[in-house]
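Colleague: I am new to this structure and would be grateful for a close look at a single part of it. Please explain each term as it arises.

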Amino acid sequence: MSQKYTLHVAGLTRELTLCPVSDKLEIAAFIMFSDVELTVKCAQELLKKLPEFDVVLTSEAKGIPLAYELARQTSKTYVVARKSVKLYMNNPISAAVKSITTAASQMLYIDEDKAAMLRGKRVLIADDVISTGESLAALKQLAVNAGADICCSCAVLAEGDAADRDDIVYLEKLPLFFK
């Protein structure tokens, strides 16, 4: 049986499965997909802490439910940075990312239409979890390349040392589990 971590966030409790990252480290798997109640509540609580924004930017895929819900609750738009160039994307811009939950380095892309949605706008960067900050850095680079004004970066959880950062807004700390 997998070990669990009990998370309390936005007035809700969830049991998260611990997953090995290396011989010496495990992380608690926080997945918002399929958990509508959690997504709605976390967005409500984050919105109480966030400055005004015009557009939400997130990366494919785990941040999408939160970005959508933040946008829905505020009647704003959201943009998803894709992990590959799609046929419909014209003149994409890119940024490299190496996430703790992904084995290899990846690229994030937005096309010229999505870049235009960000240009000159107050952009909120949103993700489910900020850990190493690599995904956040890649999203910031995309936003800057598109001509956006980044007003804030947020996540539901700040994992490990990310909880000590003063440049993010988050709801709860998520510990790392060392063996």
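**A hairpin and the core it joins**

Modeller: In the hairpin formed by β1 and β2, 2 residues lie between the strands, and A10 adopts a positive phi near 55°. The model is a predicted one, in which local features need pLDDT of at least 70 and side-chain atom pairs count only at pLDDT 80 or more, while totals for chains, interfaces and linings use all residues. Residues are numbered from 1 along each chain as its sequence is written, and side-chain values use heavy atoms, with hydrogens and water left out.

Strands here are DSSP runs of E, at least two residues, and helices are runs of H or I, at least four, numbered from the N terminus. β1 and β2 are paired antiparallel over 6 bridges; two strands pair if DSSP finds at least two bridges between them. Across this pairing, K4 stands opposite T17 in β2.

Both strands also contribute to the largest nonpolar core: β1 (4-9) and β2 (12-20) each give two or more residues, as do α1 (36-47), α2 (64-74), β8 (122-130), β9 (149-159) and β10 (169-174). Such a core is a set of buried Ala, Val, Leu, Ile, Met, Phe, Trp, Tyr and Cys residues joined through side-chain atoms within 4.5 Å, where buried means under 20% relative accessible area with a 1.4 Å probe, protein chains only. This core has 29 residues, and V9, F30, L46, L70 and V156 have the most contacts inside it. Beyond four places in sequence, L46 touches L66, L70, C154, A155, V156, V169, Y170 and L171, contact meaning heavy atoms within 4.5 Å. A second, separate core of 26 residues includes A115, A138, A148 and A162.

Terms used. Buried < 20%, exposed > 50% of the residue type's maximum accessible area, 1.4 Å probe, protein only.
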